[in-house]
Amino acid sequence: MGDTSDEPTPGFLVWRLSMKWRVAVDRAVAPLGLTHAQYSLLASLLGMQRAGLRPSQRQLADHTGLEALYVSKLARTLAAAGLIERTPDPVDTRAVQLTLTDQGRSVTRQAVTVVQRLLDQLLAPLGGLAAPRTAAFARELTALLDVPLDPPTKE
């Protein structure tokens, strides 16, 4: 933890919260046959499709923060399960576009409802999803996510 006190460092707290959230989502979506990573990909794809987009695997990787190779692996698994379709991009022959199937939309909507309940539980101490403290928390998280992190260089 910290070098000068018994208080946990912000990095440790971010790690613990991310692990707590991942485990909770994994458990919540398991009855739907999904993992947290699969849920993240499907929910992002649903949101992008609602916005009128038909993203490539690369675009979905950029959107979710997942590695492109991992998105490719997840997409293959989800396609084999009948939840998404992978089709060649008509403009870029190297790219693959992803779309939810009818079954994929149904499962994703169910998963979003389950995860929304979890989010309500998580944010209750801040006053709930619509609370000013939650909005401030979201701004702080966004600021941290916007910081590029490069590995330290040896001096």
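This is a tutorial dialogue on reading salt bridges, helix packing and burial in a predicted model.

User: What is the overall make-up of the protein chain, in helices and strands?

Analyst: The protein chain of this predicted model has six helices and two strands. Along the sequence the pattern reads α-α-α-α-β-β-α-α. Its C-alpha atoms fill a box of roughly 55 × 45 × 25 Å along the principal axes. Of the 155 residues, 28% count as buried. Among contacts with a separation of 6 or more, 45% come from residues 24 or more positions apart.

User: How many salt bridges are there, and where should I start?

Analyst: The general idea is that side chains of opposite charge can pair when their charged atoms come close. The cut-off here is a side-chain nitrogen of Lys or Arg within 4 Å of a carboxyl oxygen of Asp or Glu. By that rule the count is four salt bridges. One of them joins Asp 26 to Arg 22, with the closest N and O atoms 2.7 Å apart.

User: Why can Asp 26 and Arg 22 be read as neighbours along a helix?

Analyst: Asp 26 and Arg 22 are four residues apart in helix 1 (residues 10–29), so about one helical turn separates them. For the surroundings, look at accessibility. Asp 26 is partly exposed, at 22% relative accessibility, and Arg 22 is also partly exposed, at 33%.

User: What separates Asp 62 and Arg 58 in helix 3?

Analyst: About one helical turn, because Asp 62 and Arg 58 are four residues apart in helix 3 (residues 57–64). They form a salt bridge in which the closest N and O atoms are 3.3 Å apart. Asp 62 has 54% relative accessibility and counts as exposed, while Arg 58, at 48%, counts as partly exposed.

User: Which residue forms a salt bridge with Asp 102?

Analyst: Arg 105 does, and the closest N and O atoms of the pair are 2.3 Å apart. Both residues lie in helix 5 (residues 102–123), with a spacing of three residues, about one turn of the helix. Asp 102 is exposed, its relative accessible area being 60%. Arg 105 is partly exposed, with a value of 23%.

User: Now helix packing. At what angle do helix 3 and helix 4 pack?

Analyst: For a helix pair, read the angle and the axis distance together, then the residues in contact. Helix 3 and helix 4 (residues 68–80) pack at about 115°, and their axes are 9 Å apart. That angle makes helix 3 roughly perpendicular to helix 4. The crossing of the two helices is right-handed.

User: Which residues make the contact?

Analyst: Helix 3 contributes Gln 57, Arg 58, Ala 61 and Thr 64, and helix 4 contributes Ala 68, Val 71, Ser 72 and Ala 75. By type, these residues divide into four nonpolar, three polar and one charged. Arg 58 thus appears in two places: in this contact and in the salt bridge with Asp 62.

User: Take Ser 72. Is it buried or exposed?

Analyst: Ser 72, which lies in helix 4, is buried, because its relative accessible area of 11% falls under the 20% cut-off.

User: What is Ser 72 in contact with, leaving aside its neighbours within four places in sequence?

Analyst: Ser 72 is in contact with Gln 57 and Arg 86. Gln 57 is one of the helix 3 residues in the contact with helix 4.

Technical notes
Residues are numbered from 1 along each chain as its sequence is written. This is a predicted model: local features need pLDDT of at least 70, side-chain atom pairs count only at pLDDT 80 or more; totals for chains, interfaces and linings use all residues. Side-chain values use heavy atoms; hydrogens and water are left out. Buried means under 20% relative accessible area, exposed over 50%, partly exposed in between (1.4 Å probe, protein chains only). Axes are lines fitted to C-alpha atoms, for helices over the stretch in contact, and angles run from 0 to 180 degrees between N-to-C directions. Angles under 35 degrees count as roughly parallel, over 145 as roughly antiparallel, 65 to 115 as roughly perpendicular and the rest as oblique. A crossing is left-handed if the near helix is turned anticlockwise from the far one by less than a right angle, and right-handed if clockwise. Contact means heavy atoms within 4.5 Å. Ala, Val, Leu, Ile, Met, Phe, Trp, Tyr, Cys and Pro count as nonpolar, Asp, Glu, Lys and Arg as charged, and the others, Gly among them, as polar.
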